[in-house]
2 protein chains.
Amino acid sequence: MLISELQTPALLVEQAALRHNLDTMTAALPGARLRPHVKAHKCTSLAKLQYANGHRGFTCATVREVEAMAGAGLGEDLLLANEVLDTRRLGRLVDDGHRVTVAVDSAETIEAAVAGGVREVLIDVNVGLPRCGCSPDMAGALADLARRSGLTVRGVMGYEGHLMLVEKEAERRDSTEQAMEHLLAASAAVGGELISAGGTGTYAVNTWADEIQAGSYALMDTAYQQLGQPFRQALFVLGRVISVSSGWAVADVGLKALSLDHGLPRIDGAEVWFCSDEHTTFRPDGMPAPAVGDLVRVQPAHVDPTVALHDSLYLVDGPDVLDRWPVDMRGWR
Amino acid sequence: MLISELQTPALLVEQAALRHNLDTMTAALPGARLRPHVKAHKCTSLAKLQYANGHRGFTCATVREVEAMAGAGLGEDLLLANEVLDTRRLGRLVDDGHRVTVAVDSAETIEAAVAGGVREVLIDVNVGLPRCGCSPDMAGALADLARRSGLTVRGVMGYEGHLMLVEKEAERRDSTEQAMEHLLAASAAVGGELISAGGTGTYAVNTWADEIQAGSYALMDTAYQQLGQPFRQALFVLGRVISVSSGWAVADVGLKALSLDHGLPRIDGAEVWFCSDEHTTFRPDGMPAPAVGDLVRVQPAHVDPTVALHDSLYLVDGPDVLDRWPVDMRGWR
């Protein structure tokens, strides 16, 4: 099948760029040094390539992602790096022989882990991003409570999400060091063998965590492109020009095919004006004059919520569609 | 089933508010005066209520939406108010006895309509929003071309999308009048019996179009709330508080459960700080101190791309879940 035969909009993954990204990250963080985050691609076919590269543990953001990974035979060591209050579906996976660890940051989430049949937890520590995670000075007490409740505490996690897109690498490194000081202090109080943190933005500068929870590096987006890291844009939303006016053109890629939370998408050789539900309006700026029917590749600003809008990723090489990968981890049910 | 038993995040539709919205719009624009736009809810169960209210024609934005509506028995008069280059799926619906009209704004889209077996078109006219639609002075020539190509030209459409959220009603009315002057001029040149335009923002002030393509009124969002129209918020993203810190709390509703393109969502009694993939961080501001496990109702800023992130709408009344409606028109394949 050819790309030109695809119904648009469609998510394309360029095989060579994906291969480059996976191998570059694996070279930097081999084996257990990387715990790939699947929330960025929600695709077990892609996770299998990460597994084949030697990464046996994975990070998930939802119960659904954990279930889909286990169902795909990738349940050796799944970390749900998020707080959940109903862990029964996770407990069933544990009963079936999968290894599932869940993040806890409160007495309630510890109680929920016990109630649902989860046996292993990480203490989630706030390292500066105002989101989940306990205060670092509470981590030891929570670990004690978890152990008294019969849980195994594998260690700590703390996500320095507020530092992922800090532009200057030196500043990113220094801020990450400060954030990780909190996590190391918590780790000393908690014990266990794991210090889990990081993401694509800090993978190279976070030398304090045992394992890095990076996900975006595989497919990439324009927000991460700005950091000048050695990863290539592998994800594109393929569209068609459906209308050409004097001064602008319109592609059939809109808000239902990409997420704007990190800003407007990019089209090489054009200035993007705005996106509507099913449209991107752009002014050609260097590209050949667009004609109705032309294929356009739109680069989204934020990979994770963009992928979540689609049911498939198309693996492509030049004009050829090599494979269709279901986005089989989306939704929550 | 109770709301409290739902897996979160989940999209709730309050039955009473939906009923109020549907009946209020039908009273204002009965029967053929309204051609409800299904892109706002992507749900044939909801479209059936609009049909039962007396609206037999519907507006769609994608081929998939047209197919799903026809498949649900709602194919009496479906307008694809968008340009498409491959109309074969539409042609098959026409062959099966459904009435499908497609928007055209160029020689290429006219050719595509003919090639795929579509028989009826509207000339899409630009009335001020830089998106699709031909220049008004080209509409007559395009209609001639369409008729020479064997198509029936039912009339014109023109979407004044740039005016939907103009705050002052008088200004919205005056600007709409100017936009519709272009459409009426085009209509005079094109002929046919239809002048299709408008949306929820201009439904009350656009007295020039024969039929209004409104969709958002049924479920509503915070952007449209600002206009002070007689529609109630019927759509909520249900979440649970999963983490509470000193000064903020976190609900399990994030970028994958609502769209930020019209801004941050609203939580009554709280100030929303930011959204991450699976989280909304908020500061309580008037609400009772949140506790882990509390249910939270998040009001999205833009209904259409929010619904497209979910596979189901839950119809609710007070604490009860009355029904689960599949979001059966999403995607494009």
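**Note on a predicted two-chain model**

1. Across the interface of chain B and chain A there are four salt bridges, a salt bridge being a side-chain nitrogen of Lys or Arg within 4 Å of a carboxyl oxygen of Asp or Glu. One salt bridge pairs the side chains of Arg333(B) and Asp311(A), at 3.3 Å from N to O. The interface also holds 22 residue pairs in polar contact, both residues being at pLDDT 80 or more; a polar contact is a pair of N or O atoms within 3.5 Å, where, within protein, one must be able to donate a hydrogen and the other to accept it, and where residues adjacent in sequence count only if both atoms are side-chain atoms.

2. Before going further, the reader should know that this is a predicted model, in which local features need pLDDT of at least 70 and side-chain atom pairs count only at pLDDT 80 or more, while totals for chains, interfaces and linings use all residues. Residues are numbered from 1 along each chain as its sequence is written, chains are lettered from A and ligands numbered from 1 in the order in which they are written, and side-chain values use heavy atoms, with hydrogens and water left out.

3. Several elements of chain B build its side of the interface: helix H5 (107-116), strand S9 (235-245), strand S10 (248-251), S11, helix H9 (303-307) and strand S14 (312-317) each supply at least two residues of the side that touches chain A. Helices (H or I, at least four residues) and strands (E, at least two) are DSSP runs, numbered from the N terminus. The most comes from S9(B), with five residues. By class, the side of chain B that touches chain A divides into 21 nonpolar, 17 polar and 17 charged residues, where Ala, Val, Leu, Ile, Met, Phe, Trp, Tyr, Cys and Pro count as nonpolar, Asp, Glu, Lys and Arg as charged, and the others, Gly among them, as polar.

4. As to extent, the contact (heavy atoms within 4.5 Å) takes 55 residues from chain B and 55 residues from chain A. The area buried between the two chains is about 4,300 Å², of which carbon and sulfur atoms give 60%; buried area is the accessible area (1.4 Å probe) that two parts lose on being put together, summed over both.

5. A rotation of 180° with 0.0 Å of shift along its axis superposes chain B on chain A, with an RMSD of 0.0 Å, the fit being by least squares on the C-alpha atoms of residues with pLDDT of at least 70 in both copies. The two copies are thus related as by a two-fold rotation axis. The same surface serves both copies, since 100% of the contact residues of chain B recur in chain A.

6. Within chain A, the domain assignment, which is automatic or from a database, gives domain 1 (3-11 + 232-326) and domain 2 (15-219). Taken over C-alpha atoms, the centres of these two domains of chain A are separated by 32 Å. Between them, domain 1 and domain 2 of chain A bury about 1,400 Å², with 62% of it on carbon and sulfur atoms. On the side of domain 1 of chain A, the residues that lose the most area to domain 2 are Arg232(A), Asp304(A) and Trp325(A), together 40% of what that side buries.

7. The count between domain 1 and domain 2 of chain A is one salt bridge, and the side chains of Asp304(A) and Lys39(A) meet in a salt bridge at 3.1 Å, N to O. The side of domain 1 of chain A that touches domain 2 draws at least two residues from each of helix H9 (303-307), strand S14 (312-317) and strand S15 (320-326) of chain A. Its largest share, four residues, comes from S14(A).

8. Lys39(A) deserves a second look, for its side chain also meets that of Asp277(B) in a salt bridge, at 2.7 Å from N to O. Lys39(A) lies in the loop between helix H1 (15-28) and helix H2 (44-52) of chain A and Asp277(B) in the loop between strand S11 (270-275) and strand S12 (280-284) of chain B, so the pair joins two chains.

9. Some backbone details may be checked in the model. A cis peptide bond, with omega about 0°, joins Thr8(A) and Pro9(A), and Pro9(A) is placed in the segment before strand S1 (10-14) of chain A. Phi of Lys42(A) is near 50°, a positive value in a residue other than glycine.
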